[in-house]
Amino acid sequence: MNVLLLAGGLGPRLRPLTETVPKPMAPVGNRPWLEHLIIHLKNQGIKRFVIALKHYPEVVQRYFGTGDQWGIKIQYAIETSLLGTAGAIKHAEPYLDDRFLVVNADIIHDIDILPLLEFHNQHDGLVTIGLTEVEDPSHYGVVEQDESGRILRFIEKPPKDEVPSNRINAGIYVMDKEVLQYIPKDREVSIERETFPLLIREGMGVYGSVISSRYWKDMGTRDRYRQVHWDLLDRTLNLPMPGNPRGKGIWMGEDCEIGPGALLVPPVLIGNGVKIGERSIIGPYAVIGDHSTIGKQVRCAETIMWDHCSVQDGSVLNHCIFGSKTLIGTHYVLHEAVISRNGVMQA
């Protein structure tokens, strides 16, 4: 069985950060989320991957190549036009096994795959949808099921007093390849609005099972992207942390230079090759990307920097996100700024 990672989304709510990178390549803890996901699935025995791409496919292809560095095999299904979730699966048909796993690659989770596969083997349907339970399902498409787990219908954003359950689509599917006969070619197709309702009407068997996962969050907005990082620093999200612990709540990479009087206020994550000037205060809740440079007397809190950023002397940064190679000039005061890759702010 191989896995199809859906990584072609545009990520419009994360702009301008996603202007030059696909959303799943946004770093989480100084490593692209897509890399975290691939390693997590590999550790559960999956060695063959297909990655569906549309937005800046060369970024993903250049980073992962054939997958040899990770001990896996990667093939790519590149869309020339937006095809939607089901359309992307249909487009990848030549690469897929008779039974395959589909994972939405921009949702942060630590799912255990085996229970979902075991449930799929226990019924005679063509699809098993991984479900997650949320406190307020009225913002999502909610599923209604019978006692066997068969999904009877999807209800899009129902009022709170009318929800049939608190279970929603977690963006993870086990599929038999026969499903692809029900997806038209070469056009945009929604899996939730078209494909799954069609399969239900045709009696093909669409089942749902709550995933075994300690964490699940769609990182598709700036606020959620920040929260993923705060959860990582608090260890609510238990991804591997790069670098070495330097006291409680402080992780530091290799070859860092910390100036005299500089203070790290936990929790903070400092990448490899980072330079921090004298009397700067970093944290709480700061993630500094690899090979970034922070000048003297900088105050940086609740802020995420990608790699190769530069912050000059005396700037104050709070609740910001900076894409790769962003330059912040001297004595800037920025609150909730989001600056794209290669962005520049100069005094």
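A nonpolar core, as I use the term here, is a set of buried Ala, Val, Leu, Ile, Met, Phe, Trp, Tyr and Cys residues joined through side-chain atoms within 4.5 Å. I keep in mind throughout that this is a predicted model.

**Entry 1: the cores**

I looked up the largest nonpolar core, and it has 59 residues. Which of them touch the most other members? They are Leu5, Leu34 and Ile51. I then followed Leu34 outward, skipping residues up to four places away in sequence, and found it touching Leu5, Pro24, Met25, Ile51, Val60, Phe64 and Ala105. Another core of 29 residues lies apart from the largest one, and Val50, Ile129, Leu131 and Phe196 are among its members.

**Entry 2: β4 and its partners**

Next I traced β4, residues 99–104. On one hand, β4 pairs with strand β1 (residues 2–6) in the parallel sense, over five bridges. Here I found Leu6 bridged to Asn104. On the other hand, β4 pairs with strand β9 (residues 167–176) in the antiparallel sense, again with five bridges. I noted two bridges there: Phe100 has Met175 as its partner, and Val102 has Tyr173.

A reminder to myself: strands of a sheet pair through backbone hydrogen bonds, either parallel or antiparallel.

**Entry 3: Asp106**

I stopped at Asp106, which sits in the loop between β4 and β5 (107–109). Is Asp106 buried or exposed? Its relative accessibility is 11%, and buried means under 20%, so Asp106 counts as buried. I checked what its side chain does, and it makes a polar contact of 2.8 Å with the side chain of Lys23. Leaving out residues up to four places away in sequence, Asp106 touches Lys23, Pro24, Trp33, Asp218 and Met219. I see Pro24 in the list for Leu34 as well.

**Entry 4: β9**

I went back to β9 and checked how covered it is. Nine of its ten residues are buried, so I wrote it down as mostly covered. Besides β4, I found β6 pairing with β9, in the antiparallel sense and over seven bridges. One of the partners I looked up is Val174 in β9, which is bridged to Thr128.

**Entry 5: the largest pocket**

The largest pocket has a volume of about 1,500 Å³. I counted on 44 residues lining it, and those closest to its centre are Thr85, Asn104, Glu192, Arg193 and Asp218. Two of these names were already in my notes: Asn104 as the partner of Leu6, and Asp218 as a contact of Asp106.

Which element gives the most to the lining of the largest pocket? I found that β9 does, with five residues. At least two lining residues each come from α3 (84–91), β8 (151–156), β9, α5 (191–201) and β11 (216–218).

**Entry 6: α5**

I looked at how α5 begins. Ser190 caps its N-terminal end, with a side-chain oxygen 3.5 Å from the backbone nitrogen of Glu192. Within α5 I noted Ile191, Thr195, Phe196, Pro197 and Leu199 as buried. What do the buried residues of α5 pack against? My list reads α3, β6 (127–133), β8, β9 and β10 (206–210). Just after α5, I found Gly203 with a positive phi of about 70 degrees.

**Entry 7: two open sheets further along**

I moved on to an open sheet of five strands, in the order β15-β18-β21-β24-β27 with parallel pairing. Its edges are β15 and β27 (333–335); each has a single partner strand, so one side of each is left without a neighbour in the sheet. I checked β15 against strand β18 (residues 281–282) and found two bridges in the parallel sense, with Leu263 bridged to Ile281.

A second open sheet has seven strands in the order β12-β13-β16-β19-β22-β25-β28, and its pairing is mixed. At its edges stand β12 (244–245) and β28 (338–339), each with a single partner strand, so each has one side without a neighbour in the sheet. Inside the order, I looked at β16 (residues 268–270) and β19 (residues 286–288), which pair in the parallel sense over three bridges. Leu269 stands opposite Val287 in β19.

**Entry 8: Leu264**

Last stop was Leu264, in strand β15 (residues 263–264). Leu264 counts as buried because its relative accessibility is 15%. Leaving aside neighbours within four places in sequence, I found Leu264 in contact with Ile250, Met252, Ile270, Ile276 and Ile282. I also took the C-alpha separation from Leu264 to Arg246, 18 residues apart along the chain, and it is 9.9 Å.

How values were computed:
Residues are numbered from 1 along each chain as its sequence is written. This is a predicted model: local features need pLDDT of at least 70, side-chain atom pairs count only at pLDDT 80 or more; totals for chains, interfaces and linings use all residues. Side-chain values use heavy atoms; hydrogens and water are left out. Helices (H or I, at least four residues) and strands (E, at least two) are DSSP runs, numbered from the N terminus. Buried means under 20% relative accessible area, exposed over 50%, partly exposed in between (1.4 Å probe, protein chains only). A polar contact is a pair of N or O atoms within 3.5 Å; within protein, one must be able to donate a hydrogen and the other to accept it, and residues adjacent in sequence count only if both atoms are side-chain atoms. Contact means heavy atoms within 4.5 Å. Two strands pair if DSSP finds at least two bridges between them. On a 1 Å grid over the protein atoms alone, a cavity is a set of points where a 1.4 Å probe fits but cannot get out, and a pocket is an open set with protein on both sides within 12 Å along at least five of seven lines; lining residues have an atom within 4 Å of a point. Grid points are joined across faces, edges and corners, and a volume is the space filled by probe spheres set on the points.
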